[in-house]
Amino acid sequence: MLIRRPSDIKPSEITPEYVYRTRRRFMRDSLAVAAGAGAGASALALPDSWLEERRVEPGEPIGEQMTSEANATGYNNFYEFGTDKEDPAKYAHEMNVDPWTVEVSGEVAEPGKMGLEDMLAGIDLEERIYRLRCVEAWSMVIPWIGFPVKKLLDRFKPTADAKYVEFKTLHRPSEMRGQRSLFSSIDWPYLEGLRLDEANHPLAIFAVGMYGKLLPNQNGAPIRLVVPWKYGFKSIKSIVSIRLTRRQPVNTWNDLQPREYGFYANVNPNVDHPRWSQARERRFPTTLFRPNYIPTRMFNGYDEVAALYSGMDLARFY
Ligand code: MTE
């Protein structure tokens, strides 16, 4: 996955010091969405008023500097639009996210395919400020707007046989230039999976917004997964299908390079990637000449998930 080395980060990618936002600031940002403003705003799959109609309180600050919106929306991994970090911001507007339907199938009592707005009707949104740790050893702190995965899954009534959840990204080569690329080694569509108890953990969310606005396309509009204790590749973008399964589903990076990327992908400073150390990470703002290294924490600092893995050898199930 790591195609660019740390030394490829441009000095211009310096994050200005973050000032914690107040409720008032949040409201202003939300209104900016209504006005269609904002860098890289998504082509709205939802009515302009969608975010404001839902109660969103500012999330708890985690005591770490927030990554600038410019970095979080300008330095991305979304291989459907190319492998350079700048490609998603350049090309993701070519993806049409309106209308958007999501299909929920498999081991559920009430399977269905419906428009996103109907699917999310009545679900309250919250702001969650989470660390995002990429397997490539860089990290950010991002204010997402979303809701627990469990809230949506429960609507479809998982059966007693449901043990895993498979998520699938949109497959539309006409709008996703990375999917038409002859050089791509990925077997599209991008797939990810979680054990059902992981998906049901209160920290696992579906995000529909960030920085007080609807998700920009390059960050996975209109709905993506955010699993903060796992490497970023688990947080699959632009989801069109959710399938509850009995068996462990395939996930794209594990399928491509099983020795390098596992199914679990829990952030773990003690288990190195075969080609680089995972003991530390470059936290944005970071520059070529002054890389901002910080130690990586077990489960990305989210110790409350440890019980999900009790008795498991996390070097084996990486
Ligand atoms: N989802 C899809 N569909 N395609 C991708 O290439 N990249 C993953 C993940 N989700 C990816 C994806 C990786 S490697 C990371 S680190 C995060 O998205 C990056 O999320 P961000 O660009 O919002 O920071």
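Trainee: How far is a nitrogen atom of the ligand from an N or O atom in the side chain of Thr-169?
Mentor: This is a predicted model, where local features need pLDDT of at least 70 and side-chain atom pairs pLDDT 80 or more, while totals for chains, interfaces and linings use all residues. Residues are numbered from 1 along each chain as its sequence is written, and side-chain values use heavy atoms, without hydrogens and water. The pair you ask about fits a polar contact (N or O atoms within 3.5 Å), and the distance from Thr-169 is 2.9 Å.

Trainee: Which side chain has a polar atom 2.6 Å from an oxygen atom of the ligand?
Mentor: Let's look at two side chains together. In Lys-237, an N or O atom is 2.7 Å from a ligand oxygen. The residue with a polar side-chain atom at 2.6 Å is Arg-224.

Trainee: How much of the ligand's accessible area does the protein cover?
Mentor: On its own, the ligand has 540 Å² of accessible area (Shrake-Rupley method, 1.4 Å probe). The space it takes is the largest cavity (on a 1 Å grid over the protein atoms alone, points where a 1.4 Å probe fits but cannot get out). The share covered by protein is 100%.

Trainee: How many residues surround the ligand?
Mentor: A residue counts when one of its heavy atoms lies within 4 Å. Among the closest are Asn-76, Tyr-79 and Glu-80. The number around the ligand is 17.

Trainee: Which residue forms a salt bridge with Arg-131?
Mentor: The structure holds 19 salt bridges (a side-chain nitrogen of Lys or Arg within 4 Å of a carboxyl oxygen of Asp or Glu). In the one with Arg-131, the closest N and O atoms are 3.0 Å apart, and the partner is Glu-64.

Trainee: Why does that pair tie together separate parts of the sequence?
Mentor: Arg-131 lies in strand 3 (a DSSP run, E, of at least two residues). Glu-64 is in the loop between helix 2 and helix 3 (DSSP runs, H or I, of at least four residues). The pair therefore joins parts whose separation in sequence is 67 residues.

Trainee: Which residue is joined to Pro-99 by a cis peptide bond?
Mentor: Pro-99 is found in the loop between helix 4 and strand 1. Omega is about 10° for this bond, and the partner is Asp-98.

How values were computed. A polar contact is a pair of N or O atoms within 3.5 Å; within protein, one must be able to donate a hydrogen and the other to accept it, and residues adjacent in sequence count only if both atoms are side-chain atoms. On a 1 Å grid over the protein atoms alone, a cavity is a set of points where a 1.4 Å probe fits but cannot get out, and a pocket is an open set with protein on both sides within 12 Å along at least five of seven lines; lining residues have an atom within 4 Å of a point. A molecule sits in a cavity or pocket if more than half of its atoms lie within 2 Å of its grid points.
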